[in-house]
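Subject: Structure handover

Hello,

Here is the structure I promised to pass on. Please open it beside this email and follow along.

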Amino acid sequence: MTHDTGYKLLFAHPAMVRDLLRDWVPGEWLAEADLSTLERISASYVAENEKERHDDMVWRLRLRDRWLWVYLVLEFQSEPDRWMALRMLVYAGLLAQDLVRRGELADGKLPPILPVVLYNGLPVWRAPTNVSDLFASSPPGLADYQPRFTYHLIDEARLRLHPATSVRNAVEALFRLEHGRTPDDLRRVIQALDMLLRDPEQQAMRHTFVAWIKQLLHRKSASSTLSAMANEIDAISDLMEADSMLAERIEAWFEEATRRGLQTGFQRGMTEGREEGREEGREEGREEGRVEGRVQGRHEGEVRLLAKQLSRRFGVLPEWVGERLAQASEDELQVWAEAVLDAPTLAAVFGEASH
């Protein structure tokens, strides 16, 4: 099961969609919604290329006196799609056409449609959510003829979640697992998820989560190069019940993955340096070595990972970065790890105008 497929299987469970709508799609409409009536609808219509969009999900639920149709897009691209608003307008239009054809109308009119995009990438989503922002300014008198359509964006990496010790529901657990940075982060969430999914009626979703978590650990531990550890992951039948074993394995996986990742990154940097100039490559190696020497022994796993992210984003790291990382508290490391995603400069990561 690939990572993307695992996500789709998770959101094929009504409980996941219910929690997603209730907690991350705010609005007065929730007072009228009966979330227990959620049902998935087959998207039988086709796109322009005559291929059914299997990645999209269409659900419906009862409001007080009518149906609400939810068009859910799971967006796995590494970069935000600038034209997503246009895509959603087309998708909603195709859904509306299908509803007309099937007679799914309310007093001769189309039912409301809620377009939702769930994005799990790291870069900040800055693409317009209203299709009108994709059009150039209209000549005087033509503004009323321009399309207006807005979708609701759920940007996982920038959600304000509850404190790490609290997990409200399985959807929040999914978000925390996806963006957890340390072995302890993952273990705490898995423990909470175990408590949430003990009801016999939730065994199907529990099974889906276990399969998805295995894929997550494969990715986070770089298990494509750690075949023995990958086999250990697969051998655990229920990750949520194997807490003590899981704690030891996750720590070992992350330490080995970090070691190999730093080694590979160092070797790649040296190779690229030779290609651009042997002297530049040697200087880069010396600089990375100085930074690495400073950060050992202090929140070692988190610091190494952050140093790697910083060097990949901003290139060769100056000595002051190593000093800051070596002296950092755990809270500071967490703030900087979030800032590295969209800070314009290296100094801005640390809250400084320049250095």
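Below is what was found in it, from the whole chain down to single residues.

**The chain as a whole**

Please keep in mind that this is a predicted model. The protein chain has 355 residues, and 42% of them count as buried. Its secondary structure comes to 13 helices and 5 strands. Now take contacts between residues at least 6 apart in sequence: 65% of these join residues at least 24 apart.

**The sheet**

Start with the strands. They form an open sheet of 5 strands with mixed pairing. The order is β1-β2-β3-β4-β5. Which strands sit at the edges? They are β1, residues 34–41, and β5, residues 152–155. Each of these two pairs on one side only. On average, neighbouring strands in the sheet are turned by 25° against each other, with direction ignored.

A reminder for reading the sheet: strands pair through backbone hydrogen bonds, either parallel or antiparallel. Look at β2 and β3 as an example. β2 covers residues 56–62 and β3 covers residues 67–75. The two run antiparallel, and 7 bridges join them. Find D56 in this pair: V73 in β3 stands opposite.

Two helices to look at here pack on the sheet. One is α2, residues 14–24. Helix α2 touches β1, β2, β3, β4 and β5. The direction of α2 makes about 125° with that of β1. The other is α3, residues 84–102. Helix α3 touches β1, β2, β3 and β4. The direction of α3 makes about 140° with that of β3.

**A pair of helices**

Next, go to α4 and α5. Two packed helices are described by the angle between their axes and the distance between the axes. Helix α4 spans residues 170–179, and helix α5 spans residues 183–196. Their axes come within 10 Å and cross at roughly 160°. Angles over 145 degrees count as roughly antiparallel, so α4 is roughly antiparallel to α5. The crossing of α4 past α5 is left-handed.

Which residues make the contact? From α4 they are A170, A173, R176 and L177. From α5 they are L186, V189, I190, L193 and L196. By type, the contact has 8 nonpolar residues, no polar ones and 1 charged.

**Three residues to check**

D19 is in helix α2. Is D19 buried or exposed? Its relative accessibility is 4%, so D19 counts as buried; the cut-off for buried is under 20%. Leave aside neighbours within four places in sequence. D19 is then in contact with W24, N169, A170 and V171. One of these, A170, also takes part in the contact of α4 with α5.

R188 lies in helix α5. At 35% relative accessibility, R188 counts as partly exposed. R188 and V167 are 21 residues apart in sequence. In space they are 9.5 Å apart, C-alpha to C-alpha.

D107 lies in the loop between α3 and β4. Its relative accessibility is 81%, so D107 counts as exposed; exposed means over 50%. Check the backbone of D107 too. Phi is near 55° there, a positive value in a residue other than glycine.

Best wishes

How values were computed: Residues are numbered from 1 along each chain as its sequence is written. This is a predicted model: local features need pLDDT of at least 70, side-chain atom pairs count only at pLDDT 80 or more; totals for chains, interfaces and linings use all residues. Side-chain values use heavy atoms; hydrogens and water are left out. Two strands pair if DSSP finds at least two bridges between them. Helices (H or I, at least four residues) and strands (E, at least two) are DSSP runs, numbered from the N terminus. Axes are lines fitted to C-alpha atoms, for helices over the stretch in contact, and angles run from 0 to 180 degrees between N-to-C directions. Contact means heavy atoms within 4.5 Å. Angles under 35 degrees count as roughly parallel, over 145 as roughly antiparallel, 65 to 115 as roughly perpendicular and the rest as oblique. A crossing is left-handed if the near helix is turned anticlockwise from the far one by less than a right angle, and right-handed if clockwise. Ala, Val, Leu, Ile, Met, Phe, Trp, Tyr, Cys and Pro count as nonpolar, Asp, Glu, Lys and Arg as charged, and the others, Gly among them, as polar. Buried means under 20% relative accessible area, exposed over 50%, partly exposed in between (1.4 Å probe, protein chains only).
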